[in-house]
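Colleague: I'm new to this one. Could you take me through a single part closely, the surroundings of the ligand, and then show me how that part sits in the rest?

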Amino acid sequence: MSVLITGIGELTTNTEAGGDALVIDGSEIAWVGKAGNAPAADERVDVEGRAVLPGWVDSHTHLVFAGDRTAEFGARMAGKPYTAGGIAVTVNATRAATDEELAAVVRKHIAEALRQGTTFVETKTGYGLNVADEVRSARIAAEHADEVTFLGAHLVPPGEDADTYVELVRGEMLDAVAPLVRWADVFCEKGAFDYDQSKAVLAAAAAKGLGLRVHGNQLGEGPGVRLAVELGAASVDHCTYLSAADIDALASSDTVATLLPACDLSTRQSLPPARALLDAGATVALASNCNPGSSYTSSMAFCVTTAVLQMRMSVEEAVWAATAGGAQALRRTDVGVIRPGARADLHVLDAPSITHLAYRPGVPLTHSVWRRGERAN
Ligand code: NIG
């Protein structure tokens with residue numbers, strides 16, 4: 001089944017090619033260009049001057065969780081600082097939940113994101129923190145998300161010895177989870193894992209053939225970025241507090257700096273230095289970091305709007321970062337882009353241009369979404 005989409009007011013492809021029409025064939029884009037040159041298709045849809053862009057690629061979420069941290073958020077808004085320790089609250093609730101309850105939470109948030117134009121989602125383990133609960137988190141994540149990351153090194157479970165826990169994560173836990181995931185991640189931060197502990201976990205994961213990601217430089221300057229670049233990680237996420245050396249290291253590496261502005265706002269941190277990263281030549285992605293503790297939103301549009309209005313990114317830079325940038329952070333070439341052979345993941349805005357994402361902050365602009373060639377809403 002093929003569909004010709006015409007009447008595109010502004011087409012963002014993230015390639016050199018452009019036009020005002022495209023053809024979907026099955027689950028892929030088959031053609032992009034001017035409507036007058038379009039090949040025949042089984043069906044025709046006129047989007048009446050609306051902007052079309054690739055679906056959002058959300059490269060950082062934590063969706064396998066149970067419970068609620070509204071009270072913690074309220075306390076933060078009253079002045080209490082965010083600390084890594086809050087993760088333990090969600091660990092307790094997650095361990096107590098049934099498989100079906102956890103799967104329902106993942107499904108609900110992926111569906112919520114899809115309604116807002118997110119067509120590709122990475123999600124993580126990290127609220128299990130023992131072998132059985134990390135394995136079931138990975139299994140449930142793999143059943144629903146596009147990409148799955150092992151984050152056994154999210155927090156040392158309260159009461160456990162840090163070095164013993166690191167040995168468990170890089171040994172038995174990694175062995176059990178590795179077949180279910182593509183990526184491994186560590187929270188390299190004060191209150192979580194230090195440089196040596198993080199490196200030990202990531203080295204073991206790399207030896208098992210997993211790609212690497214790092215949570216780093218979220219709550220202060222630290223070794224996360226240096227470690228990510230040193231190990232050739234695909235992405236270092238947060239990057240809220242960066243030294244000049246961190247920015248230089250990112251600019252001369254293939255490691256994507258994934259910025260999570262909704263998290264910084266929800267934890268009352270500074271916003272990350274996006275302009276300095278871009279001006280230095282680093283690759284920047286934007287992601288939601290949807291999780292119940294530090295960033296309870298699935299809205300990529302909110303992240304894009306914030307990046308433009310408060311982080312001095314242009315609309316084009318922000319949209320690229322939330323689509324092609326997310327794809328690059330996951331080392332994917334088939335999403336975040338509209339070109340023949342790519343996944344037919346499209347986001348139609350109820351607006352004539354992507355500029356409206358920042359020009360009309362907070363307005364729900366998603367008109368329709370196509371995922372793998374299927375009309376999703
Ligand atoms: O990316 N930084 C570590 N992990 C999550 C927060 C998890 C939580 O507070 O529950 C994050 O912000």
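Modeller: Sure. By class, the shell around the ligand has 3 nonpolar, 10 polar and no charged residues. For that split, Ala, Val, Leu, Ile, Met, Phe, Trp, Tyr, Cys and Pro count as nonpolar, Asp, Glu, Lys and Arg as charged, and the others, Gly among them, as polar. In total 13 residues surround the ligand, and the closest are I87, H215, N291, G293 and S294. A residue gets into that shell if its C-beta atom, placed from the backbone, lies within 6 Å of the ligand.

A word on what you're looking at: this is a predicted model, where local features need pLDDT of at least 70 and side-chain atom pairs count only at pLDDT 80 or more, while totals for chains, interfaces and linings use all residues. Residues are numbered from 1 along each chain as its sequence is written.

Now pick up I87 again. I87 is one of the buried residues of helix 2 (residues 87-96), along with T90, V91 and T94. Buried here means that 20 or more other C-beta atoms, placed from the backbone, lie within 10 Å of the residue's own. Helices (H or I, at least four residues) and strands (E, at least two) are DSSP runs, numbered from the N terminus. Looking down the axis of helix 2, you'd find its buried residues within an arc of 110°, so they line one face of the helix; the arc is that of the directions from the helix axis to the C-beta atoms. Helix 3 (99-115) and helix 4 (131-144) are among what covers those buried residues.

Stepping back, the chain is split into domain 1 (2-54 + 337-375) and domain 2 (56-329), with bounds from an automatic or database domain assignment. Their C-alpha centres are 30 Å apart. Where the domains touch, domain 1 puts in 16 residues and domain 2 puts in 18, contact meaning C-beta atoms, placed from the backbone, within 7 Å. On the domain 1 side, strand 6 (51-54), helix 14 (356-359) and strand 16 (366-371) each give two or more residues. Strand 16 gives the most, with 3 residues. That side of domain 1 holds 9 nonpolar, 5 polar and 2 charged residues.

As for the whole chain, you can count 14 helices and 17 strands. Buried residues account for 55% of its 377 residues, and its C-alpha atoms fill a box of roughly 65 × 45 × 40 Å along the principal axes.

Note on methods
Contact = placed C-beta atoms within 7 Å. Buried ≥ 20, exposed ≤ 12 C-beta atoms within 10 Å, placed from the backbone.
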